[in-house]
Amino acid sequence: YTILSKVHSDRNVYPSAGVLFVHVLEREYFKGEFPPYPKPGEISNDPITFNTNLMGYPDRPGWLRYIQRTPYSDGVLYGSPTVENVGKPTIIEITAYNRRTFETARHNLIINIMSAEDFPLPYQAEFFIRNMNVEEMLASEVLGDFLGAVKNVWQPERLNAINITSALDRGGRVPLPINDMKEGVYVMVGADVPFSSCLREVENPQNQLRCSQEMEPVITCDKKFRTQFHIDWCKISLVDNTKQVSTFQEVIRGEGILPDGGEYKPPSDTLKSRDYYSDFLITLAVPSAIALVLFLILAYIMCCRREGVEKRNMQTPDIQLVHHSAIQKSTKELRDMSKNREMAWPLSTLPVFHPVTGEMVPPLHTDSYDNTSMPLMQTQQ
């Protein structure tokens, strides 16, 4: 197979630092680059996936994310540019793959980050919307409806969406496929006026107590969001940058990227030789020497310090030795006599009459039988 690769013309975009940037990768834009192979009269609907990376690097910048649920849906690049990237053009290589014909199409997206005069906005609020996925929230009409509801509640002169983050990027779990459950999305907005009284209701001790008990807090302006957006008011974060403190709950945000530790410096090829003689003495020779000394001490105690029978007899009084010898001799004589003793047979072993003939039955053993090992009770016939 010959896989063709076509390059589109470059596209320039001009986002502002600290303001949400959204760029949609439309499948219809790339479908024209792939030749249609369906039957006559049928509409081509090829599965198309995208790969995005910073030019010269395998991945995207840390502030830029990408999502595409299925090969039949559009891809979305989104994120909040940082002030450090102002004035530096960021070139993103976008490669589209046709999963039916295995063809590719590529073009570059040049992101020119502009500086915002009134950035950063001093008052920032982050909402957690439970009934939305990140790609649904990134749609311009849905995001516009949410900003309109926030503006109706907050009444600022200037309101911007700062960032959008999926709940999965914050450690959330993948929802079960029950009743079309959503994963949830965090939306951060900034304004130039202090927070309204409705937003500060989350600071009430009663609402904080209800949140600690996993109960819904009582918010008067919740009905203005409830028709379309289900907001978890216990997870709202209000940050006043003019005071440099968090008025409710400070959320540690992370992009899942490790901090820059500089360039990797491998060890030198010429390594210095190391002397392991001292390590050998510490780990093997010293314990072996201690074990040998202990063995010699134990051998001296067990072998060279034995008293013996002769020394014991010399230190024992003569009368005690005579008594001991007499006891041993008497014990031996009793044992010899018990082997040859003659004793009467037990009554249970005497002859008995036959139950039928009445004749006497002789014993089961002869007179020369060794009765010392015979049990007292014998079987009778």
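Here is a walk through the structure, from its strands to its salt bridges and then its helices. Keep in mind that this is a predicted model.

Let's start with the strands. Strand β4, residues 48-54, runs antiparallel to strand β7, residues 90-98, and seven bridges join the two. If you want a landmark on that pairing, look for Asn53, which stands opposite Glu93 in β7. β7 also pairs with strand β8, residues 104-111, again in the antiparallel sense, this time over eight bridges. Here the landmark is Ile91, with Ile110 of β8 standing opposite.

β7 and β8 form a hairpin with five residues between the strands, and the residue to look at there is Phe102, which takes a positive phi near 60°. Phe102 has that positive phi although it is not a glycine. Is this side chain buried or exposed? Phe102 counts as exposed because its relative accessibility is 56%, and the cut-off for that class is over 50%.

Phe102 has company elsewhere in the chain. Glu214 also shows a positive phi of about 60° without being a glycine. You'll find Glu214 in the loop between α4 and α5. Its relative accessibility is 77%, so Glu214 counts as exposed.

Now move along to another strand pair. Strand β9, residues 123-129, and β12 pair in the antiparallel sense over four bridges. The bridge partner of Ala125 is Leu238 in β12. β12 itself covers residues 237-240, and its side chains split neatly: Ser237 and Val239 point one way, while Leu238 and Asp240 point the other. In a regular strand, side chains alternate between the two faces of the sheet. Whichever way they point in β12, all of these residues are buried.

On to the charged pairs. How many salt bridges does a search of the whole structure find? The count is 13. Side chains of opposite charge can pair when their charged atoms come close. A local example is Glu28 with Lys31, where the closest N and O atoms are 3.4 Å apart. These two are three residues apart in helix α1, residues 27-31, so about one helical turn separates them. An α-helix has 3.6 residues a turn, so residues three or four places apart point the same way. The two partners sit in unlike surroundings, though: Glu28 counts as exposed at 58% relative accessibility, whereas Lys31 counts as buried at 19%. That value for Lys31 falls in the buried class because the cut-off is under 20%.

Other salt bridges reach across the sequence. Arg130 bonds with Glu216 in this way, the closest N and O atoms being 3.3 Å apart. This pair links distant parts of the chain, 86 residues apart: Arg130 is in the loop between β9 and α2, and Glu216 is in the loop between α4 and α5. Both are partly exposed, with Arg130 at 32% relative accessibility and Glu216 at 36%.

Lys182 and Glu136 make another such link, with 2.8 Å between the closest N and O atoms. This one also ties together distant parts of the chain, 46 residues apart, from the loop between β10 and β11, where Lys182 lies, to helix α2, which holds Glu136. Lys182 is partly exposed at 23% relative accessible area, and Glu136 is partly exposed too, at 26%. Beyond these pairs, Arg69, Glu135 and Glu183 are linked in a network of salt bridges.

Finally, the helices. α6 covers residues 277-304, and its 28 residues reach 37 Å from the first C-alpha to the last, close to the expected 40 Å. Follow α6 along and you meet a bend of about 35° at Ala285, with a proline, Pro287, following within four residues.

Where might you look for a nonpolar patch on the surface? One of about 900 Å² is made by Val286, Ile290, Val293, Leu294, Ile297, Leu298, Tyr300, Ile301 and Met302. Take Leu294, which is found in helix α6: at 54% relative accessibility, Leu294 counts as exposed.

Helix α8, residues 318-340, makes a good last stop. Its 23 residues should span 33 Å at 1.5 Å a residue, and its end C-alpha atoms are 34 Å apart, which agrees. How many of its residues are buried? The count is zero, and α8 is hardly covered.

How values were computed
Residues numbered from 1 in each chain as written. Predicted model: local features only at pLDDT ≥ 70, side-chain atom pairs only at ≥ 80, totals over all residues. Heavy atoms only, no water. Buried < 20%, exposed > 50% of the residue type's maximum accessible area, 1.4 Å probe, protein only. Pairing = 2+ DSSP bridges. Salt bridge = Lys/Arg side-chain N within 4 Å of Asp/Glu carboxyl O. Expected span 1.5 Å × (residues − 1). Bend = angle between axes of the 7 residues up to and from the residue. Patch = residues over 30% accessible without salt bridge, like charges linked within 9 Å, V, L, I, M, F, W, Y side chains within 5 Å. Areas by Shrake-Rupley, 256 points an atom, 1.4 Å probe, with all protein chains shown as cover.
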